[in-house]
Amino acid sequence: MAFSNRTIRFHLETIFEKEIKRLPWHIPLAEWENHGVRTLDIKRGISRHVVLFVKTGRFSFGIKEISEEISKKEISRYEELLLRGIHTLVPAGYVVREEEPIPLQTPIGVQYEANNISHTITLLVEKVVPDSVLYRRGFSQDNRKRIWNAVAALLAELHSKGVYWGDASLANTLIKFEKVNVPFVGRRTELKAYLADAETIEFLPAISETLREEDLNFFFESMDWINEDLSRQAGSVSRDGLSTEADKEYLRGRYRRSFEIERKKRDFEIQTSYNIDRFLGSISEPSYADLLLKHIGEHKWYLSEQAQKEISLSDAAHDWYENIFVPLCTMFRSEGVLEYFPGKTAAELYVEIMTNKYFLSEKSGKDAGMERAMRDYIKRFGAVPTLAAVLKTASRKMKTILSGKK
Ligand SMILES: Nc1ncnc2c1ncn2[C@@H]1O[C@H](COP(=O)(O)OP(=O)(O)O)[C@@H](O)[C@H]1O
Ligand SMILES: [Mg+2]
């Protein structure tokens, strides 16, 4: 075969080596289908490069044809993104096909320019929600908002972790239902956005307001392109099916809030050494982090009084977590309190019941007590009206937990 004498260089994660090495790398990607490769017909965003999805052995991959320099950079960016805990494609490596160098006539004679073709390989993300559903007639406003929420969360996370995207767009974002672990609640299904396309990613010590705006505006532009695209395919969408200025405003607001939450979570972690998402459960309001910190501050005061010496905030956080937060949330779960509040995390419920306690105490001029606060809260905001059984055992257990403190 004409191509088969070309040198192929592999730069791969060991676990994927066997499967990737058996693909026909001496042939251009666009011709693989005719060479017995199992290709997958997967919805994808608009792209500049040849991208192919293939199944080989135990794995399926997305493969993009691109220059060596860029694929090397892109793979290392994905690795760094994953290290920073960002939701993105899992890199498998890159494969280079060395082509004949191109001869160039120069004043000092013929020079040869490297002419290599490389491939960025990532693990395939399946069951992605295609962006076209966003605009389908009958796609509810609530669902559309859920997608914007996921996009806002991804952008906020990137920016708060020192990542500038440079190519933020709907086409480069994969939206997918994912099972996530919620402390004290268990596994829950959430819509999550993946960053797909790391070519332009930059890691910076901090992302300025201007760069944040740039990423956001670029994303807004991508919404316009899709609108234009869909308008050309006349008849397939209704006019109000397109994204609107209101969508952008919603996304912007949501992004601002998500960014603020990220900032508060980081402050909280610096002060207490606890990661909110991992140990307490995610929060949907920035002020919840302040309230949690306030409670830990009060606990620190209480512990210091008891010990007759200053207890550090991180020691107090540890004690509060072990002796108050965990037992209360375990009880919320075992007694079914959480079931009255579907969608809420243990951290949110803790904060809300504590806040209710504060308001009830203010109103009556004396400490309302955690138990009454909880009863009242479930009665007023819980989703199911029959509480008697839950309350009976929950109150008993709560007394045991809190009696250590008074
Ligand atoms: N591993 C993967 N799993 C699922 N979809 C992928 C994967 N890799 C790429 N895609 C899809 O293919 C599109 C094109 O890839 P991308 O890296 O954005 O190429 P380009 O640089 O040409 O824009 C992406 O926007 C995404 O929709
Ligand atoms: Mg792209």
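Domain bounds, as used in these exercises, come from an automatic or database domain assignment. The model to which they are applied here is a predicted one.

**Exercise 1.** Work out which domains the protein chain has, and where domain 1 lies relative to domain 2.

*Solution.* Begin with the bounds: the assignment gives domain 1 as 7–123, domain 2 as 128–269 and domain 3 as 284–403. Then take the centres over C-alpha atoms, which for domain 1 and domain 2 are separated by 27 Å.

**Exercise 2.** Describe how much area domain 1 and domain 2 bury between them, and which residues of domain 1 lose the most.

*Solution.* The first step is to look at the contacts, in which 20 residues of domain 1 meet 23 residues of domain 2. The second step is the area, about 1900 Å² buried between the two domains, with 59% of it on carbon and sulfur atoms. On the side of domain 1, the residues that lose the most area to domain 2 are Arg77, Arg84 and His87, which together make up 34% of what that side buries.

**Exercise 3.** Find the polar links between domain 1 and domain 2, and state which elements and residue classes make up the side of domain 1.

*Solution.* Start with the salt bridges, of which there are four between the two domains, and continue with the residue pairs in polar contact, which number 11. Next, turn to the elements: strand E4 (59–66) and helix H2 (68–83) each supply at least two residues of the side of domain 1 that touches domain 2, and H2 gives the most, with seven residues. Finally, sort that side by class, which yields seven nonpolar, five polar and eight charged residues.

Note on methods: Residues are numbered from 1 along each chain as its sequence is written. Chains are lettered from A and ligands numbered from 1 in the order in which they are written. This is a predicted model: local features need pLDDT of at least 70, side-chain atom pairs count only at pLDDT 80 or more; totals for chains, interfaces and linings use all residues. Side-chain values use heavy atoms; hydrogens and water are left out. Contact means heavy atoms within 4.5 Å. Buried area is the accessible area (1.4 Å probe) that two parts lose on being put together, summed over both. A salt bridge is a side-chain nitrogen of Lys or Arg within 4 Å of a carboxyl oxygen of Asp or Glu. A polar contact is a pair of N or O atoms within 3.5 Å; within protein, one must be able to donate a hydrogen and the other to accept it, and residues adjacent in sequence count only if both atoms are side-chain atoms. Helices (H or I, at least four residues) and strands (E, at least two) are DSSP runs, numbered from the N terminus. Ala, Val, Leu, Ile, Met, Phe, Trp, Tyr, Cys and Pro count as nonpolar, Asp, Glu, Lys and Arg as charged, and the others, Gly among them, as polar.
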